[in-house]
Each structure stands twice: as C-alpha cells, then as structure tokens.
Amino acid sequence: MGNCMGNRDVCDRLKNTNVRWRLPAVCFVWQLSMIILFGVFVRYNEESDTHWVDYRKGNNITSDIENDFYFRYPSFQDVHVMIFVGFGFLMTFLKRYSFGAVGFNFLIAAFGIQWALLMQGWFHSLDYTDGKIKIGVENLINADFCVAGCLIAYGAVLGKVSPVQLLVMTLFGITLFAVEEYIILNVLHAKDAGGSMVIHTFGAYYGLSISWVLYRPNLDKSKHLNGSVYHSDVFAMIGTLFLWMFWPSFNSAIADHGDGQHRAAINTYLALASTVLTTVAISSLFEKTGKLDMVHIQNSTLAGGVAVGTAAEFMLSPYGSLIVGFFCGIISTMGYIHFSPFLEEKLKIQDTCGIHNLHAMPGVIGGIVGAIAATAATNTVYGDLGLENTFDFTGPFAKRVPTIQGGYQAAGLCVALCFAIGGGIFVGLVLKLPIWGDPADENCFDDEIYWEVPEDEESVPPIVAYNNHMIPNKHADMRETNFVEQ
Amino acid sequence: MGNCMGNRDVCDRLKNTNVRWRLPAVCFVWQLSMIILFGVFVRYNEESDTHWVDYRKGNNITSDIENDFYFRYPSFQDVHVMIFVGFGFLMTFLKRYSFGAVGFNFLIAAFGIQWALLMQGWFHSLDYTDGKIKIGVENLINADFCVAGCLIAYGAVLGKVSPVQLLVMTLFGITLFAVEEYIILNVLHAKDAGGSMVIHTFGAYYGLSISWVLYRPNLDKSKHLNGSVYHSDVFAMIGTLFLWMFWPSFNSAIADHGDGQHRAAINTYLALASTVLTTVAISSLFEKTGKLDMVHIQNSTLAGGVAVGTAAEFMLSPYGSLIVGFFCGIISTMGYIHFSPFLEEKLKIQDTCGIHNLHAMPGVIGGIVGAIAATAATNTVYGDLGLENTFDFTGPFAKRVPTIQGGYQAAGLCVALCFAIGGGIFVGLVLKLPIWGDPADENCFDDEIYWEVPEDEESVPPIVAYNNHMIPNKHADMRETNFVEQ
Amino acid sequence: MGNCMGNRDVCDRLKNTNVRWRLPAVCFVWQLSMIILFGVFVRYNEESDTHWVDYRKGNNITSDIENDFYFRYPSFQDVHVMIFVGFGFLMTFLKRYSFGAVGFNFLIAAFGIQWALLMQGWFHSLDYTDGKIKIGVENLINADFCVAGCLIAYGAVLGKVSPVQLLVMTLFGITLFAVEEYIILNVLHAKDAGGSMVIHTFGAYYGLSISWVLYRPNLDKSKHLNGSVYHSDVFAMIGTLFLWMFWPSFNSAIADHGDGQHRAAINTYLALASTVLTTVAISSLFEKTGKLDMVHIQNSTLAGGVAVGTAAEFMLSPYGSLIVGFFCGIISTMGYIHFSPFLEEKLKIQDTCGIHNLHAMPGVIGGIVGAIAATAATNTVYGDLGLENTFDFTGPFAKRVPTIQGGYQAAGLCVALCFAIGGGIFVGLVLKLPIWGDPADENCFDDEIYWEVPEDEESVPPIVAYNNHMIPNKHADMRETNFVEQ
C-alpha cells in the first residue's frame, strides 16, 4: 500500500521501475557466465576430491577427521547463517521493506558467492600446474566473507536502489574486494582473520561512497516509510542475534587450526558481551526519559565483533577484548545519535541502516587495534613458535618482526579505505546512469515497487464507515458478510 | 476469527472437528507403544555406549575425536533445524494457519522420528547377535530424513486435514519410507546421500497422491484464507533461509567421512546459489511489471538442493552443480506459474505449498542426474580407490561397474515413485474415512478449528463507529477508556 | 501505546520508571569492574594460548583436531543460540513486551556471561601456580549455562521489573549459582551434565521466590496486556523450537568426550520427542472442544529436555529417556492448566511464563531421575572402565559406589533448592527497595515504559470516523491524503 495508492499512474510516470527485462537478463547472463567460468576454472581441491583417500595414505594422515572439513565446517555454517539470516533480517526493520531486505540480500549473496569463488580463487587458490582453482570448505567461507562486504554496503542504500543496481554493485564490489584482499593479505602480509579492514572497513566505505554519489535531496518524500513498526523491529532482532551469536565463528572461521580458532572465538565472545552493556548505557543516557532505542540495540551491540576482527587471532588477552568492546559500544551508539544526522545533513550521505556506526568506525578501530596488537607482540607472550605461527613469519616473511608487522597492518587499513572510497565513487557513478530502474524519491523504502505484496488485512487503513458501507479495500465483501446485521 | 464468526453453530454443524478424544488417544497410545517397542528393541551402539572406552582401546582408535559423533553431530543439528524450523516456518505463509504450520509440523516430526528409529532400525541397524537395534548419531540423522518425507507430504495437504489425519499419514509414511529406502539403498545398492529419490520424490508424490484422493471440489469456500499477509510471508522466509543455508549439511550429513561429506557440501552450496538467480529471473519475467513473487522466492530457490541430492557425493564437479541448480530454478518457478493451476484444474490435485514444484520435479531430476553421473563415473576422474569408496563397490557388489550402477540408480527412482503413488492412494483412502475430524471446506486454512487463537487486536476487523459506540469486539471497553473525551 | 496514552502524566506520577541515570550507571560501573577483574584474573588456557603449539608437541598430541575446541565448539554455538534466541524469543509471546523479552534477555545474558566466567573461574578454573583463571571453550559453555539459570528466573518476573532490577537479579543469581554449583559438583561430586538441578531447579525456584516477594496484588490492572496476539505467538515458537532442537547440545555440551557426549545427545533427543506427544494429548484433552493451546506447545514440549538433564550422560537407555519425556509432558501441561492458577491465587506467586511448569517441576524430576539412575548403575551395564569414567570415580572419590553416588545426587538436589529459595527471598527483598524504577501495576507487560516504541500503524486503535475526520493518531495526515475524495 505505497503512498500513491489509487494513483499508481502518477507514480509510474515519475520513474520507470519496471525491471521485467533488465532483471531476468542480468540474472540469466551472469549465471550462464558463472557456469562457463566454473567449467573452465573450478575443480575440487585435494580434500574434497575422491583422491583424498590416496592423498591421506600418501601423507600419513591417520584419520578422515583431519580433513579440513571438520576443522571449519561448523564455523562455515554459522557464517552462512550470518550472511543470509543475519544480514537479511537485520535489515527488515523498515515497516514496508522486509521483502526487499531479506529477498535482495538473498539474491545478491547468492550471486556474490559464485563470483567471489572465482575472483578469490584466481588470487589465492590457483593451482599453477593445471591453471585450475581448487576449492574446499575454506573457499566457501571466504566467498561468504567477500559477500559480507557487499551486504554491508547494501545497508547504506537499502530501499533506494533497484535489484539490478544491487547486482551491479555486487559485481564490482566483489571484484574490488578480491584485489584489495590480495594486496592486504598477500602483498603486505597483514593479518585480518575477522576482516575488520578487509571486510568491514572496505564494505562500509564502499557503500557510503556509493550512497554519497546517489544522494537524493528529496528523500523526505518517502519519510513516512523510513521507520519501523513494532513487529518489524522484532524481526530485525532475529538478524541482530544471529549475527551477535555467530560472530565468534565469523572471526575464527579461517583462523589457524587449534589455538588460533579457539582464541579468536573467545576474544570475540568477550568483546561482544562488553559492547552490549555500553550500548545500553549510552542509548538510555541520551534519551530524556532513559528509554532504550531499538535501533541501537539492533546495531551497536555488534560493533565489538567488528572491532575485534583483525586482532581476534592475536594474544589480545580477555580483558583487551572487553576494552575494545567497551569503547565500540559507546562510539557506535553515539554515532547513531550524533554522527548519522551530521553525515546526512552536512556530508550528504544517506545511510539507511547506519553502517557508518556499525561497520565503518568499528572497522577502522579494528584495523588500528590490530596494528597496535601486532606491534606489541613479544616472544615472551606468544612463545617463539607461537609468534611465528600466529603471524606466519615464514618463507619470504621469515625475517619480519612484530614492530614491522604493525606498520604493514596500518598500511593494510589504508589500502582498504582507498579501494572502498575510490571504488565506491566509481560504482556510484555507474549506478547513476538512468537505466537501472531505481525508484523515485516518493517510492523509496516500499516493497510495492519490486514485489507482489499481498493484500494485507493488517495494513489496510482502518477508515471504514459502518452506516454507508464505504470500505476502501478488497476485503469489503468479506467483512460485510461477517458484520451485516449487527 | 474464522469466517463463521458469530455463527459458530453453523460451522460446527458442517463437520465435527472436535478432536478432543481422538487426538489425545492417538498420542497416548502411540507414545506408549513407542516406549514398549524401544524397551524391547533399542539400545545404544558401540560409539554411544559406555563400552566405547573399551572398544576404542581394543580397536587402536587413538582419540575420542574419531567417534562418529564428531563427524556428524554438527550436520545433524543443521538437519534438525531444517526439519523443525525450516519445514515448520516455510509453511507459515498462510495468513491464518501459522499455528497449524509450525505446531502440527512439530507434532508429526516428534512422533515420526521415534517411529523412524524403529522402522529404519529393523532394516538397517539390527544387531543379529542379540536382536537389538543399536543407535548412534547416524540413526538420528536418518530418522530426521525419514520424517522429512512426511513433512514434504504435509505441504500438499496443509490446512485441509486434521492433526489426527496427519499422524496417520505420518505413521504410514514412515513405514513406506523405510521399506522403499531399504529396497533402493540395500537391495538395489543405489546411492542417494541427499535423498532426491528416497526423500523428495517419495515424499512429494506420497503427499500429492493423498491430496488427489482427498480432493475438495468446494475448497473455494476457504479461498479468502488461502493466501499470505505481509508478515506471514516474512515468517515463511525464516523457513526458506534455514532450509537453504543448511541444505549442504542435509546432503552431506550421511555421506562418507572425509572427502564425501566435503564434496557433498560444496556441490549443494553451488547448486543452491545458482537456483536463486534463475528463480528470480523467471519470477520477474512472467509478471507484467517485472515484480517478484514471494511464493517463488520462498520455494523455488530451494529446488537446486533437492535436485543435487543424489549426486551430491559424486564427482559432479562444481560447474555440474551450477548447471543442475540453473535448470531447477527455471523448472520449479515455471511450475508455480503454469503447472500448479493445471494440476489443480485438470488433475484435481490441490497442492497448498506447491510441493510438486519444490520437491517432486526436482526430486525426479535429482534421481536422473544421479543415474547419469553414476554411469559417467570413470577411474580417471575418481581414482581406483575413490571409485570403490564412493559407490561402495565392495562385498556382494564388488564387481559392479559405473554403467550398471547407473541402471540401478534409475531403478531406484522408479521404486520411489511406485511406493509413493501406491502408498499415497491407499493412505488417502484411509484418510477419507469420516472419523478423523477433518475441517469442512469452509474452514480450511483456519487455525480457529484446532487451536485456541488469541483475541488479536491486529486482526480485529476495523469496523468501529465513533459516535454510536458500536464496537464489535472484546477490547471495546479498553478502547473506550482510552479515547473517551477526545 | 500504553494504557495511559494522552495521560502520561498520571502514569509518571504513579511510579517513577525513569531509569536514565540508574541504568547507564549500573552498566558502566559493572562493565568497568569486569574489565578490571578480567585484567587481574583471566587468561587463556593452554588450548587457546599460542603456547598450544609447544604443549601439543610436548604431550604427543598428534593433531590440532584434538584441541578441546573441536570437541565442544559446535555444541557451544548451539547453547549460545538457546541462550539468546531461545530464551529471548520464547518470552516474546506477550502482545506488547517483545522488545523487553528479547532486549533485556540480551542485556542480562551479556552481563551474566562475564560475571559467570569470573565466579565459575574462581571455583573451577583457577590455576594455583599463578592465581589466574584460565579459560577455554568449556568455560564459555559453563558461563552460558550459568546465565541460563538467571534467564529462567527472568521468566517468572517478565514484564514486572525494570532492567536495573534484572541486572541486580543477575548479579546475585550468578553468584549464588557458582557457589551452589561448586558444592553440588565438586564437594558432593554429584553429576549434572545437563543441569536439571544446578541450572533448572535453581533458576526456577530462584525466580519464583523473587516473584513471591515481589507479589503484586493489583496486577489485574495490566491484565489486558498479559496475553498474546497471533504473531507474538509465532515469534515465541522461534524460541521454543531453537530451545527444543538444540537441547541435545545443551545436555551434551560439557559431557565426557566420546560416548558421553554421544549418549547425552541421544537421550535428550528421545526425551524431547516423547514430551511433544503427551503435551499435545493433555492440551487437547483439557479443552472442551479439543483445541490446542499455544502456551502448552511453546513451553511444555521442552520439559523432557529439562528432566533428562542430570541423567543424560548416564546409561538411561533409549526407552528410559522416552519414559522421562512421557511423564514430563503430562506433568508440565497439567501444571499450566491446574497448578499455575493455584500458585497465583493461593501461594501468591505470579509466574508470567509458567517457569514452575517448564523448569521447576521437571528440574526436580530430573534430579530424582538422576539419583535413581546413579543408584541403579552396575558394572554389567556400564563396564568397569565405563562406570569409572561416567561417574568419575577417581582421585578422592575412587572408592565411591553407585548406591552412595545416588545419595549424593539427591543431596545435590536439596542444595539447589536451598540456595534457590533462600537466595531468591533475599534478592527479592533487595529488589523491593523503591529505588530500581520498576513499573506501576498499571504499566506491567508494556514496552512503552522502557523502550522507544515506534508509532505502529497496526496497533493504532481503529477508532476512526470518516465524516468528521477525527483521527486520533499521528498518521492522520497521511491517511487523509490517501483517502480524501473517495
């Protein structure tokens, strides 16, 4: 029941949001391209191939349980839930954009993971003996991670773009992600287990830059839909909680086997717990009567997980994690209260979900915390072997020391920022072309534009007169049947 | 607030839907029978018995981590979520049948897993030395699988049957399932890790056959309830996403340790991703203005997981999985658009959830893909050991070759179809007996019949006159209190 | 839209529910204390520390997969979901207290896990060589368990207390829990893998005692909000199902490696299945027309999991588990029908969620079942090694025999009850102080008091007159725009 009910013609004239040919064409062509590229490039790796039986015997591996699958699959499934239910439902808070939130999140993630397997595969998993990308469970996790960057970016433009624009944004986003990730992790040899820099900083500034280019001065026209209703806030909490609960899996999913994964999970668990308390404190403190705001609870409680991402694998120590969470809860909630209005009014960045507060600032903090933690690493704390293992000071990087590593970590953060902002502006300009079927200012945040929305008894405006039977909706006859003769 | 509000007497005269004695009697007697049968037959297997400590030592197993529990428990829990939340919430899309969807799904699954442990136990896990069924985590997974067949069948008759009928349907369904499974997997020695044939083809045609026998020519009388509202569609997406995300666990849960589980998860992940894009494409293409239909997104996006079930464990190769998903998204969505109306009008099969499109067609495709993939298996691709392991060409089947295996796979598909259709017609006739308390045509898709439904402010028809205080609901006094004197 | 709409002044005079300084102060101070205490006391244990690499080599551990992380992390994540989504959503059934249910559950759990790590750490994980608490994944699980006790207690006072009271209740609850747990598990050496006594009995009677002290004779004034609406009941089913599905992980999470965890999962799976059927039976039997009541389905179906907690690890045998579930489904549902009204009217205990039926009675039954199962344990059934391992008859307890163990199990139950009731009364008295900002009797069960609640189209009372445009809410202008000129 958009705001041009009974007046759809006017709306349609405002902007052509019919994506009937564009959306199917993009989906078909891109999916066919995926099939062809996978046919040419992608194969199972040695742990997912039937030759594993031989490989195991050849390498004195005593049990199938040492297949990487068993180290990482539980975490993979948790990450998978975060991507599809976590991000999807977190964005259902808008009163009439739940289909778009969950549905488009689903669409772009499903496309993104395929393209990510290719892009990341070329950079990280290419077997030079036969030119094939060899995939296993770790690639699936990394593909999910890569998509996370694009879903974060979606949060900034939620409700203001068409599904075709989202797909284009994802195509470029994944591409940029794979390159910056390669530079940060492989060239600079920075560590970023939970992706504070690679995923969150990149994804958030990518989305914010796009939103800046796509600035809509008249977005006020959809203001009445840019908010929540009671049940949509409860739906959003499903997203929040699954993100919050599974974040320890996110940060530990591709950490080192053994203590690496173990420690990353503990650090994340603690940082997140701490964030919840400071989020509640700030939310209550800045409201006249001390009431809590659902927007903060839904979002800022997650900031600690973002900020502890880079350092999750390090010997951050339990209290270190709590401190990171403590400050991020404060900063993120303050961001919603003070910084978001500034961002919109002064910098002309419209950020529907407030990703600047949830991902951008905590992501940058995470990068800095990682740099400091790396710089401060000592043999005493890590042990000789532990230090070497944690930072992979092997091969060409055998001579690197923690202080130098700290510098490279900081450099990694800069790379993420450059790719995000530069890439975002470029993609924003591409998305500004008047060919993508984006909604008019009057139709933002409205599922009606891209979805068949059911006639909804609940949302039927309750203007009904008893005596003269003026019932402005299709259920009229049913209701009359029920209530006639009362 | 059913459609005989204020006129409940008429409704009650239509059909006796009072299940007060029938439902408790069935629950009690069957549960008692379960206890007795479990007492006689079911024991822990060597990995869940305290004698595991001795067994481990006696068999040179170096670590507790090699207990099958650690290979399969994470997948088991994912499958468990699919059964109870996935199937349950997928069916909440109807505006006034969410209690029935989630609640009856819960009831029949809870009964079904017990009966399945017995039925499958007698066929697969009977220890002939003492006549006991020995159970472990793999049995729990298989029981969940077995129940999945019945829950699929529930989708066809959703809203049109009583809980007693559902329990009867489950009792027979599990029984038939266990027999067809034994014939397919053990006698024919066909492989079906993800159950395209055993679970999906069987479950879907079983349910469709029952629905055909129970055809209701006057179902139109409940037409106004046979649809969704905005929030019920969002609830259904919870089901969709948990099914979609955990399907890799479903298809890999009982696959071979090591590369088998690893590969099955990858193949399923890819097939499902591909399906999403073609589902969106077709959904948009066949609607005049290119809008998406939630019914397709909720259901057809899952078709790839069904269709890749049988071959998930095989060397289908990543692009092979994408191709399977590609076509299933198209076929399934086209099914909703074109085939479902045909099924209802011409074949007189009323299929509430469209299981023909989600499970039946993709299941058959999955069986065929499996047969082709088996036929095409070569020593070059699989390796000698790998081929033997994947297809279990050992013992009495040591001499079987891939081409022969392909034939047996195809035979398996036929067995599934025969059991489903034959069994379904028989059970449908049983359910036609006028003793099960099923709803009248006027009361289908209505929770009011079998549930205490709360007085719901939201659903209260908004016929309220201000001046003369004619407020046809119980909250009247409360409202008057609030608004008097405005 | 509380019941003092347009009359907020009156409400505010009734009771000061402004928590603006109290809530932030408690959150900040307590979180800072946590950071300091963690800084002084908490460190990684040998399996989550970088020294694991050395430890592994020094202890001939052949693979990283033997790190406890891989034994317990999947179960940990399931438990984590139960704590935050399970308990949180189970309590969303009230029509206007979903924010409080999910949000305060989130807050107190996030605080509780930190305090639990310290309290339990001092008792169980203190390394006497350096005075530090060494934590790993098992500590995280135990912290979640500890919090579960407080969340159960929350169920009794849901909607009637302020967030500050909840935090105080959690502070004391965790403290009492850690002490009673130490006495039961370490001093008495009772076994309680799933916490029937330690978690459920304690948590439930703790909450009921508090509720008894905080008895509100005029709670009727909020009666209209003390019930569900259609969608809130569906939300609550999310909580129910995640609790139900993951309960096998709950009861097996800290059980012995290998067969212990395996068996605990099987027993719980079976007990829960059985409970569902008897819950449905009783629910239907006691309603005139045989309809089912959502309250029973949401809660009583879980009683089997509670009651099988203590004995889950024992050789209870599959049919034994079914029997436990069978009776608990009956008792719990009967409790809702007959005992809850008695509790409120005669004993003056107001129990919002009916935790007496879901946790208290089944918890006590679980303790008794555990005592009987321990007493009945024999070498024949368990094997010599198995008996020793299951009951840890080693070290100072090497000479204990099953019959004696049974006595200590029973003693453990008494300890849990004493701590719960004694502690609950004390904490109740503390919470009676008029400084915590609790709601007036008129404002219970209402999110308006502590949350910014969105203007909700759906909940807008449908008092709208067409002709004279008297529309008592803020959406008036929007509606007029839409419907003018009809």
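Guide: Buried area is the accessible area (1.4 Å probe) that two parts lose on being put together, summed over both. The model discussed here is predicted, with local features requiring pLDDT of at least 70 and side-chain atom pairs counting only at pLDDT 80 or more, while totals for chains, interfaces and linings use all residues. Residues are numbered from 1 along each chain as its sequence is written, chains are lettered from A, and side-chain values use heavy atoms, with hydrogens and water left out.

Visitor: How much area do chain C and chain B bury between them?

Guide: In chain C, the residues that lose the most area to chain B are Y230(C), Y269(C) and L277(C), together 12% of what that side buries. Of the area buried by both chains, 73% is on carbon and sulfur atoms. The total between chain C and chain B is about 7,800 Å².

Visitor: How many residue pairs are in polar contact across the interface of chain C and chain B?

Guide: Contact (heavy atoms within 4.5 Å) joins 87 residues of chain C to 88 residues of chain B. Salt bridges (a side-chain nitrogen of Lys or Arg within 4 Å of a carboxyl oxygen of Asp or Glu) number zero between these chains. A polar contact is a pair of N or O atoms within 3.5 Å; within protein, one must be able to donate a hydrogen and the other to accept it, and residues adjacent in sequence count only if both atoms are side-chain atoms. With both residues at pLDDT 80 or more, the number of such pairs is 25.

Visitor: Which helix of chain C gives the most to the side that touches chain B?

Guide: Helices here are DSSP runs (H or I, at least four residues), numbered from the N terminus. Those of chain C that each supply at least two residues to this side include helix 4 (68–90), helix 9 (230–252) and helix 13 (318–345). The greatest contribution, 19 residues, comes from helix 10.

Visitor: Is T17(A) buried or exposed?

Guide: T17(A) lies in the loop between helix 1 (8–14) and helix 2 (22–41) of chain A. Beyond its neighbours within four places in sequence, its contacts are G437(A), D438(A), P439(A), I449(A) and Y450(A). Buried means under 20% relative accessible area, exposed over 50%, partly exposed in between (1.4 Å probe, protein chains only). Because its relative accessibility is 12%, T17(A) is classed as buried.

Visitor: What rotation superposes chain A on chain B?

Guide: Copies are superposed by least squares on the C-alpha atoms of residues with pLDDT of at least 70 in both. For chain A on chain B, the RMSD is 0.0 Å and the shift along the axis is 0.0 Å, with a rotation of 120°. The two copies are therefore related as by a three-fold rotation axis.
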